[in-house]
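I opened this notebook to keep track of what I looked up, in the order in which I looked it up. The entries go from the whole chain to single residues and end at the ligand.

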Amino acid sequence: MSTTARIHPAASTVLSSTIKHHLLRPPPNAVVFRTNPNSVRRRGTIRTLTVAAAAPFEVCAKASVTVPNKLGDCPFCQRVLLTLEEKNLPYDLKLVDLANKPEWFLKINPEGKVPVINLNEKWVADSDVITQALEEKYPDPPLAAPPEKASVGSKIFSTFIGFLKSKDPKDGTEQALLNELSSFNDYLKENGPFINGKEVSAVDFSLGPKLYHLEIALGHFKDWSVPDSLPYVKSYMKSIFSLDSFVKTSSLKEDVIAGWRPKVLG
Ligand SMILES: N[C@@H](CCC(=O)N[C@@H](CS)C(=O)NCC(=O)O)C(=O)O
């Protein structure tokens with residue numbers, strides 16, 4: 001007599017669509033199939049399976065200031081969420097109002113910064129540390145790029161902030177940003193379309209959210225955009241911003257603007 005294995009309907013209906021997705025491509029420890037010896041129907045031919053899904057990762061991220069219960073405008077949080085999305089790891093967002101940090105959050109991370117993730121019952125802060133830990137623990141699909149690629153485009157964010165905050169059009173901050181973007185354009189022309197070549201990698205997930213802020217904040221506060229003379233940067237931004245994982249984890253334009261406003265005015 002042959003034995004057919006199938007998922008018990010009761011078990012399958014309680015699975016969320018995210019978890020169902022993981023049934024097809026289970027990450028290393030996110031979904032565990034276990035045959036339950038008590039659930040074998042002795043007179044029938046059907047053996048049921050119970051499906052034990054590992055709890056989703058708890059992730060503290062910035063809350064929107066414009067719409068309730070929506071993800072806010074933190075590029076470091078988005079970097080972590082992009083990593084989880086791309087690695088097909090389920091997560092639960094805990095949105096934190098950074099203007100009024102709750103007690104429970106300050107207990108988790110007294111420094112008061114997001115992102116923070118619960119890894120193996122320990123709260124871990126800082127997107128560098130978190131993304132590296134996720135890569136080590138869940139290497140498939142691999143997102144890591146060679147160490148020498150980590151510095152590609154790494155001065156764009158600070159020069160963007162310098163230009164955004166600048167009140168003197170002749171202080172050289174715009175040129176400093178253009179110089180960084182121009183080197184990045186040359187790099188992409190030679191090595192692109194992504195920083196590590198053909199495939200998107202962890203370095204893109206660090207830089208992409210910062211470029212998203214650059215585009216929105218400079219467009220809004222300075223009526224400025226990346227010049228057409230830098231086509232590789234422009235198409236890089238377009239490609240990153242249109243990834244499903246990016247669309248799913250990006251913040252509202254209004255939040256990005258609200259987030260930078262005090263820095264521009266201050
Ligand atoms: N180096 C940290 C930076 C994190 C960071 O600066 N997060 C900001 C939000 S974008 C924050 O939590 N700021 C605390 C505050 O605004 O009070 C990382 O990579 O995670």
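**Entry 1, the chain as a whole.** Before counting, I fixed the term: two residues are in contact if their C-beta atoms, placed from the backbone, lie within 7 Å. With that cut-off I took the contacts between residues at least 6 apart in sequence, and found that 70% of them join residues at least 24 apart. The model is a predicted one, and I noted that its secondary structure comes to eleven helices and seven strands. Of the 266 residues in the chain, 28% are buried.

**Entry 2, confidence.** I looked up the pLDDT next and found a chain average of 85, with 80% of the residues scoring at least 70. Residues 1-52 have a pLDDT below 50, although this stretch has 59 contacts in the model beyond near neighbours in sequence. Where pLDDT is low, the predicted coordinates should not be read in detail.

**Entry 3, strand pairing.** Which strands does strand 4 pair with? I found that strand 4 (residues 57-62) and strand 5 (residues 91-96) pair in the parallel sense over six bridges, and that cysteine 60 stands opposite lysine 94 in strand 5. Together with helix 3, these two strands make a right-handed β-α-β unit. Strand 4 is also joined to strand 6 (residues 116-119), here antiparallel and by two bridges, with valine 59 opposite isoleucine 117.

**Entry 4, the hairpin.** Following strand 6 onward, I found that it pairs with strand 7 (residues 122-125) in the antiparallel sense over four bridges, and that leucine 119 has lysine 122 in strand 7 as its bridge partner. Two residues lie between the strands of this hairpin, and asparagine 120 takes a positive phi near 50° there. Glutamate 121, in the loop between strand 6 and strand 7, also has a positive phi, near 70°.

**Entry 5, exposure at positive phi.** Is glutamate 121 buried or exposed? It counts as exposed because 5 other C-beta atoms lie within 10 Å, where the cut-off for exposed is 12 or fewer. I then turned to asparagine 69, which is found in the loop between strand 4 and helix 3 (75-86) and has a positive phi near 55°. Asparagine 69 has 8 C-beta neighbours inside 10 Å and therefore counts as exposed. I flagged these angles because most residues other than glycine have a negative phi, and most peptide bonds are trans.

**Entry 6, cis peptide bonds.** The peptide bond from valine 114 to proline 115 is cis, with omega near 5°, and proline 115 lies in the loop between helix 4 (103-108) and strand 6. I found another cis peptide bond between aspartate 140 and proline 141, where omega is about 0°; proline 141 has its place in the loop between helix 5 (127-137) and helix 6 (156-165).

**Entry 7, the ligand.** Which residues surround the ligand? I listed Lys62, Cys74, Phe76, Leu98, Gly112, Lys113, Val114, Pro115, Asp126, Ser127 and Asp128. By class, this shell divides into five nonpolar, two polar and four charged residues. Val114 and Pro115 are among the residues around the ligand, and the peptide bond from valine 114 to proline 115 is the cis one with omega near 5° that I noted in the previous entry.

Conventions:
Residues are numbered from 1 along each chain as its sequence is written. This is a predicted model: local features need pLDDT of at least 70, side-chain atom pairs count only at pLDDT 80 or more; totals for chains, interfaces and linings use all residues. A residue is near a molecule or strand if its C-beta atom, placed from the backbone, lies within 6 Å of it. Ala, Val, Leu, Ile, Met, Phe, Trp, Tyr, Cys and Pro count as nonpolar, Asp, Glu, Lys and Arg as charged, and the others, Gly among them, as polar. Two strands pair if DSSP finds at least two bridges between them. pLDDT is the predictor's confidence in each residue, from 0 to 100. A residue is buried if 20 or more other C-beta atoms lie within 10 Å of its own, exposed if 12 or fewer, and partly exposed in between; C-beta atoms are placed from the backbone. A crossover is right-handed if, with the strands pointing away from the viewer, the path from the first strand over the helix to the second runs clockwise.
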